[in-house]
Amino acid sequence: MPDTPRESVGRHLLLAYLDQFVRLVGGMMHIEVQTGRGRMDLIITHNWRKYIVETKIWKRDNRYQAGKRQLAAYLKLERVGEGYYVVFDHRRNPQSRVETETVDGVTIRSYVIPVVQELPSSTLA
């Protein structure tokens with residue numbers, strides 16, 4: 001199995017994808033925003049509204065659930081009722097997942113994105 005990528009790699013890929021769209025609609029992206037509870041990965045502001053995004057690398061289901069609670073705390077701190085949780089799944093057989101649920105009184109929209117990595121030797125054959 002390929003090495004586990006760092007969380008920042010997935011975040012940067014997501015930022016590259018979102019950057020042009022956010023600029024096109026006149027929004028602003030704020031990366032690694034400091035709060036009283038740590039750093040929020042990404043806040044997008046558009047038309048006086050905040051969109052908060054937390055990113056993670058898949059580790060285990062209990063870590064996946066903990067990330068939702070972390071995002072819920074950020075949302076409550078910022079007085080935002082809905083947030084986005086993007087998890088990059090690098091396992092040998094990654095599984096995509098899309099969920100919407102209420103966590104601690106706020107709505108979390110979760111997206112698990114498969115990241116398929118081939119070992120360098122398998123690409124040479």
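In what order do the elements of the protein run from the N terminus on? The points below start there.

1. **Overall order.** This is a predicted model. From the N terminus on, the elements run α-β-β-β-α-β-β-β-α. That pattern holds three helices and six strands. Keep the order in mind, as the later points refer to elements by number.

2. **Burial and surface.** The protein has 125 residues, and buried ones make up 35% of them. Its accessible surface comes to about 8,000 Å². Carbon and sulfur atoms account for 52% of that surface.

3. **Contacts across the sequence.** Take the contacts in the protein with a separation of 6 or more. Of these, 57% join residues 24 or more positions apart. Two pairs named below, in points 8 and 9, show how positions apart in sequence sit in space.

4. **The largest nonpolar core.** This core has 16 residues. Those with the most contacts inside it are Ile 52, Tyr 64, Leu 71, Leu 75, Tyr 85, Val 87 and Ile 108. Strand 2, helix 2, strand 4 and strand 6 each supply at least two of its residues. Helix 2 provides the largest share, with five residues. Another core lies apart from this one and has 11 residues. Among them are Leu 15, Leu 18, Leu 42 and Ile 44.

5. **Val 87 and its partners.** Val 87 is one of the residues with the most contacts inside the largest core. What does Val 87 touch, leaving aside its neighbours within four places in sequence? Its partners are Lys 56, Ile 57, Trp 58, Tyr 64, Tyr 111, Val 112 and Ile 113. Tyr 64 is also on the list of residues with the most contacts inside the core.

6. **The largest pocket.** Its volume is about 340 Å³. It is lined by 14 residues, and the closest to its centre are Leu 18, Phe 21, Ile 44, Val 53 and Tyr 84. Helix 1 (7–24), strand 2 (38–46), strand 3 (49–57), strand 4 (82–89) and strand 6 (106–114) each give two or more residues to the lining. Helix 1 gives the most, with five. Which classes of residue make up this lining? There are 13 nonpolar residues, one polar and no charged ones. Leu 18 and Ile 44 also belong to the core of 11 residues.

7. **The second largest pocket.** This one has a volume of about 160 Å³. Its lining has 12 residues, and Lys 56, Ile 57, Lys 59, Arg 63 and Tyr 85 are the closest to its centre. Strand 3, helix 2 (61–78) and strand 4 each supply at least two lining residues. Helix 2 gives the most, with four. By class, the lining divides into six nonpolar, one polar and five charged residues. Set this beside the lining of the largest pocket, which has no charged residues. Tyr 85 links this point to the fourth, being among the residues with the most contacts inside the largest core.

8. **Met 40.** Is Met 40, in strand 2, buried or exposed? Met 40 counts as buried because its relative accessible area is 0%, and the cut-off for buried is under 20%. Met 40 and Gln 70 are 30 residues apart in sequence. In space they are 9.4 Å apart, C-alpha to C-alpha.

9. **Pro 94.** This residue is in the loop between strand 4 and strand 5. Its relative accessibility is 22%, so Pro 94 counts as partly exposed. The buried class needs a value under 20%, and the exposed class one over 50%. Not counting residues up to four places away in sequence, Pro 94 touches Asp 89, Pro 114, Val 115 and Val 116. Pro 94 and Trp 58 are 36 residues apart in sequence and 9.3 Å apart in space, C-alpha to C-alpha.

10. **Two loop residues to check.** Trp 48 is in the loop between strand 2 and strand 3. Its phi is near 65°, a positive value in a residue other than glycine. Is Trp 48 buried or exposed? Trp 48 counts as exposed because its relative accessibility is 92%. Asp 104 is in the loop between strand 5 (97–103) and strand 6. Asp 104 is not a glycine, yet its phi is positive, at about 50°.

Definitions and conventions. Residues numbered from 1 in each chain as written. Predicted model: local features only at pLDDT ≥ 70, side-chain atom pairs only at ≥ 80, totals over all residues. Heavy atoms only, no water. 1 Å grid on protein atoms, 1.4 Å probe; cavity = no way out; pocket = protein on both sides within 12 Å on 5 of 7 lines; lining within 4 Å. Points joined across faces, edges and corners; volume = space filled by probe spheres on them. Nonpolar A, V, L, I, M, F, W, Y, C, P; charged D, E, K, R; others polar. Buried < 20%, exposed > 50% of the residue type's maximum accessible area, 1.4 Å probe, protein only. Contact = heavy atoms within 4.5 Å. Areas by Shrake-Rupley, 256 points an atom, 1.4 Å probe, with all protein chains shown as cover. Core = buried A, V, L, I, M, F, W, Y, C linked by side-chain atoms within 4.5 Å.
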